Amino acid sequence: MQWRIQKFSSRKLSSFNWFIPYLILPFHPITFKAAWKFIGTVIKDFVILQFFEKWKIYKIPIVNVQIPLDDQIPFIPEKVEVYIHFINFWLSPITMLFFRLGLRQALPAAKTFLFYITKAYSEATKVYSYRLSTTDRPDYKKGRHFKAIHRLDPHYLCVPSLHVAIVVLTFSFFKTIFERANFTQEEKKNWNEELYSGALAITESVLFVKQHSVNCVSAAMYMMTKITPFITAQEAQDFISHIFENSPEIDQEKRIEIVNHIMNMFNQFSQESKQTDKWEVPIQNWLTEHSQKTNQA
């Protein structure tokens, strides 16, 4: 084990090849079932759900969750490079586990991660099947990334943001794994910091490229405190408090307003959840109220 520490501990997580899990997870006996369940869930609850709505096969009401505060965040197309990184963001740490721990020890952890990322998609559908949601996405199709986004994402699954949910799952899950597998203090410090800052950057990017509203962030943070054991409400609040902290594109006064809104919505959902045993009900109620206000305006 010591030679693994010496060889891999000084590397950044992003330097580990994100493609390797594609070659292992869907085919290894330990992760085969979990990997294909994840793939099937994404197809059913993300791809089919949106396109069936677009093709008028489904007729779920759509709520525009855009609010004036979203207009205070500039549209920065260059942030799309960060936005599309969210898949590599959770694949590269899995590759690191393969090298650092060896397949025998790493695959059970990968299987657990697949279980929870699948759960994020399937649980979010409890909201999506009630109300789909969208924002005023710019009709910007320059470059291959934006062309792909507009072609592959009909933009009906905004609340809660799966982008935010998945990066929050990633940094909180691997933090737990680092503790359970007795990673060194140096590894835990460096890799936890890299994952945390990366999760913040991707969360900010969903707002900069106008794929989500600030409301989508609150809902995602709240959902992850309810459906996983890896992040507490306090830890979610701490994460929210750091959003746009190192973003010169947002001045301090606007940043405070944005963070306060995200925090207040998160706290509202958390408080209302005490009145129900179904985590999704507070978000469903908010979507109904927001839709009514929008229609009356």
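How many of the 14 residues of α10 are buried? Keep that in mind as you start on these exercises, which use a predicted model.

**Exercise 1. Describe helix α10, from its surroundings to its N-terminal end.**

Solution.
- Step 1: Start with the opening question. In α10, 13 of the 14 residues are buried, so the helix is largely enclosed by the rest of the structure.
- Step 2: Check the length. The helix runs over residues 214-227 and spans 21 Å from its first C-alpha to its last, close to the 20 Å expected at 1.5 Å a residue.
- Step 3: Look at the N-terminal end. Ser 213 provides the cap there, with a side-chain oxygen 3.1 Å from the backbone nitrogen of Asn 215.

**Exercise 2. Decide whether Cys 158 and Cys 216 are bonded or unbonded.**

Solution.
- Step 1: Find the separation. The cysteine sulfur nearest to that of Cys 158 belongs to Cys 216, and it is 4.8 Å away.
- Step 2: Compare this with the cut-off. A disulfide needs two cysteine sulfur atoms within 2.5 Å, so at 4.8 Å the sulfur of Cys 216 is too far from that of Cys 158 for a bond.
- Step 3: Widen the view. Searching the whole structure gives 0 disulfides.
- Step 4: Add the surroundings. Cys 158 is buried at 1% relative accessible area, and Cys 216 is buried at 0%.

**Exercise 3. Find the backbone features worth a second look in the loop between α7 and α8, then turn to the loop between α11 and α12.**

Solution.
- Step 1: Recall the background. Most residues other than glycine have a negative phi, and most peptide bonds are trans.
- Step 2: Go to His 155, in the loop between α7 and α8. His 155 is not a glycine, yet its phi is positive, about 75°. With a relative accessible area of 4%, His 155 is buried.
- Step 3: Move along to Pro 160, which also lies in the loop between α7 (143-152) and α8 (162-180). The peptide bond joining Val 159 and Pro 160 is cis, with omega about -5°.
- Step 4: Now take Phe 244, placed in the loop between α11 and α12. Its phi is positive too, near 65°, and Phe 244 is not a glycine. At 1% relative accessibility, Phe 244 counts as buried.

**Exercise 4. Work through three salt bridges and say where their partners sit.**

Solution.
- Step 1: Begin with the principle. Side chains of opposite charge can pair when their charged atoms come close. The cut-off to apply is a Lys or Arg side-chain nitrogen within 4 Å of a carboxyl oxygen of Asp or Glu, and the count by this rule is 8 salt bridges.
- Step 2: Take Glu 249 and Lys 79, whose closest N and O atoms are 3.5 Å apart. This pair links distant parts of the chain, 170 residues apart: Glu 249 is in the loop between α11 (233-241) and α12 (252-272), and Lys 79 is in the loop between β1 (62-64) and α4 (80-83). Glu 249 is partly exposed at 34%, and Lys 79 is partly exposed at 24%.
- Step 3: Take Glu 123 and Lys 126, with closest N and O atoms 3.1 Å apart. They are 3 residues apart in helix α6 (residues 103-128), so about one helical turn separates them. Glu 123 is buried at 12%, whereas Lys 126 is partly exposed at 35%.
- Step 4: Take Lys 141 and Asp 139, which meet at 3.5 Å, N to O. Lys 141 is partly exposed at 44%, while Asp 139 is exposed at 66%.

**Exercise 5. Identify what the side chain of Gln 284 contacts.**

Solution.
- Step 1: Place the residue. Gln 284 belongs to helix α13 (residues 281-296) and is buried, at 15% relative accessibility.
- Step 2: Follow the side chain. A polar atom of the Gln 284 side chain lies 3.0 Å from the backbone oxygen of Lys 126.
- Step 3: Connect this to Exercise 4. Lys 126 is also the salt-bridge partner of Glu 123.

**Exercise 6. Outline a nonpolar surface patch and examine one of its members.**

Solution.
- Step 1: List the members. Phe 27, Phe 32, Trp 36, Ile 39, Ile 43 and Val 47 make a nonpolar surface patch of about 560 Å².
- Step 2: Pick Phe 27, which lies in the loop between α2 (20-24) and α3 (32-54).
- Step 3: Check its exposure. With a relative accessible area of 56%, Phe 27 is exposed.

Note on methods
Residues numbered from 1 in each chain as written. Predicted model: local features only at pLDDT ≥ 70, side-chain atom pairs only at ≥ 80, totals over all residues. Heavy atoms only, no water. Helix = DSSP H or I, 4+ residues; strand = E, 2+ residues; numbered from the N terminus. Buried < 20%, exposed > 50% of the residue type's maximum accessible area, 1.4 Å probe, protein only. Patch = residues over 30% accessible without salt bridge, like charges linked within 9 Å, V, L, I, M, F, W, Y side chains within 5 Å. Areas by Shrake-Rupley, 256 points an atom, 1.4 Å probe, with all protein chains shown as cover. Expected span 1.5 Å × (residues − 1). Polar contact = N/O pair within 3.5 Å; in protein donor to acceptor, adjacent residues only side chain to side chain.
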